[in-house]
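This report introduces one protein chain to a reader who has not met it before. Please look through the sequence and the structure first, and then follow the text step by step.

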Amino acid sequence: MRIADNVLVAGARVAGAACAEILLDRGAAVTVYDREDSERMQALAARGATCVVADEFDPALLDGVQQVVLSPGFPPHHPIAQAAAAAGIETFSEPELAWRLREPGAARWLAVTGTNGKTTTTTMLAAMLETAGLRTAALGNIGVPLVHAANGPFDVIAVELSSYQLHWSSELAPTAGAVLNLAPDHLDWHGGFDAYAEAKAAVWRGGQAVVNLDDPSVVALAKHADADVTGFTLNHPERGQFGVALGWLVDYTGPEPVQICSVDDVHPAGWHNVANALAAAALARQVGVSHSDIGDALRKYVPEPHRNVTLVEHDGVTWVDDSKATNPHAAAAALASYDSIVWVAGGQLKGVDVDGLVAQYAPRMRGAVLIGQDRALVADALARHAPDLPVVVLDGRDDAVMTEVAARAAAMAEPGDTVLLSPAGASYDMFTSYAHRGDAFAAAARALIEGEAG
């Protein structure tokens, strides 16, 4: 029973609504549950779905249901998931549904997961595929549902998959999958690092694994994978690997090393993005994209916003938006990129310890401005590892706080410094998304500078 006749869809945002629409198109009886009413819910009801809005989930909604499609944010311990498991009802999320909807001749999937760098790698990969003349798109956790493209006009698609989505999958098996890196994240959702890593390993279910050889956790995970491994490294590659040699990205999976492009051609700058480019190249080669097309794509690649992006330079101070750094591992990549930093940080740490990050990068800091739900935890870590560092802790509860953030950061910064928003935490305590957080920071920085100029 790949797709059932009676399905409950939990969550009616973009992915959930897309799933409900597809299931209705297929003639399934669809019940949609959400805690809030919306235009999407009303539109689904008009199409024949049974729509239920309630603060608490009623297990009676599962009566007669054969499958549950959960929005990926629902953890295994959520009452809906637990009730479905107790009733023996198969449960999965939108990418798994999209996979099951595929028909003969459907596009191949090249999938990307990891703690950080997923979107950059996925969009780099899509650029490579497009440069090669393939019909393609970047889909999945990047914000575009897969179900509408399951049988769309594509040859191969670049698919970003989160640990949540992979946890709620069982048949999904991409042509090739990459795990970019592994660091503690979403531990409150998964219940621990081992479960988090195990979810990521599902991206290798198709039998072709692209593996970061510089990450011990990824290497250890790959030892248990039933897959052929292609590794990538920032070191000189051995035969069968992608790597860096004499300032060039190199493919050494053939008889001789082949140069792809210069390290300087990769942007945004930073070794973590060179690693992302190598992973994307390894995936692209799995479907025959030429080295010249891969190199051309990287040279023309336009970075996604909020990922270590320089906003403005004024009076010798550079302002950088890295709001996408929603965990310490991601923040480390940006902190390593600058020599003298006024750090803007805080948010929801999601149960992840920030102590190691602070211990390593506090010596690079001129000062810190902290906001968000777990600002006190970051402040405590800074007090332990850099007791003399100037630290400002702000209590604002919405995006208006960024005006004061900019003013306090500017007062600390000296010529040659970088004011870096790289929060190491999620944004939902104060903002609608990391993009909203980054936009608020950018607007505040520019308003401050324009005010000084005026």
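Which residues of helix α3 (residues 79-86) are buried? In this predicted model, the buried residues of that helix are I80, A81, A83 and A84. They cover an arc of only 165° around the axis, and therefore they lie on the same side of α3. On the other side of α3, by contrast, A85 and A86 are exposed. The buried residues of α3 pack against four strands, namely β1, β2, β4 and β5 (90-92). After the helix comes G88, a residue whose phi is positive, near 70°.

One of the strands that α3 packs against is β1, which spans residues 6-10 and is mostly covered, since 4 of its 5 residues are buried. Strand β1 pairs in the parallel sense with β2 over 5 bridges, and it is joined by 4 bridges to β4, with which it also runs parallel. The table sets out these two pairings, with one pair of bridge partners for each.

| Strand paired with β1 | Bridges to β1 | Example of bridge partners |
|---|---|---|
| β2 (residues 29-34) | 5 bridges, parallel | V9 in β1 with V32 in β2 |
| β4 (residues 67-70) | 4 bridges, parallel | L8 in β1 with V68 in β4 |

How does the chain pass from β1 to β2, and what is the hand of that crossover? Where β1 and β2 pair over 5 bridges, the chain crosses from β1 through helix α1 (residues 14-25) to β2, and this β-α-β crossover is right-handed.

The nonpolar cores come next. In soluble globular proteins, nonpolar side chains tend to be buried together. Here the largest nonpolar core has 52 residues, and those with the most contacts inside it are L23, V32 and W204. Helix α1 gives the largest share of this core, 7 residues. V32, the bridge partner of V9, touches V9, A12, A20, M41, L44, A49, T50, C51 and V52, when residues up to four places away in sequence are not counted. A second core, separate from the one to which V32 belongs, has 38 residues, and L125, A280, V287 and Y301 are among them.

The last region to consider comes from a database record. An unreviewed UniProt entry places the feature "domain: Mur ligase C-terminal" at residues 312-425. Over residues 312-425 the chain is 33% helix and 23% strand in this model, and the end C-alpha atoms of that stretch are 23 Å apart.

Notes: Residues numbered from 1 in each chain as written. Predicted model: local features only at pLDDT ≥ 70, side-chain atom pairs only at ≥ 80, totals over all residues. Heavy atoms only, no water. Buried < 20%, exposed > 50% of the residue type's maximum accessible area, 1.4 Å probe, protein only. Helix = DSSP H or I, 4+ residues; strand = E, 2+ residues; numbered from the N terminus. Pairing = 2+ DSSP bridges. Right-handed = clockwise from strand over helix to strand, strands pointing away. Core = buried A, V, L, I, M, F, W, Y, C linked by side-chain atoms within 4.5 Å. Contact = heavy atoms within 4.5 Å. UniProt positions renumbered as here; feature names shortened; annotations may be inferred. Arc of directions from axis to C-beta.
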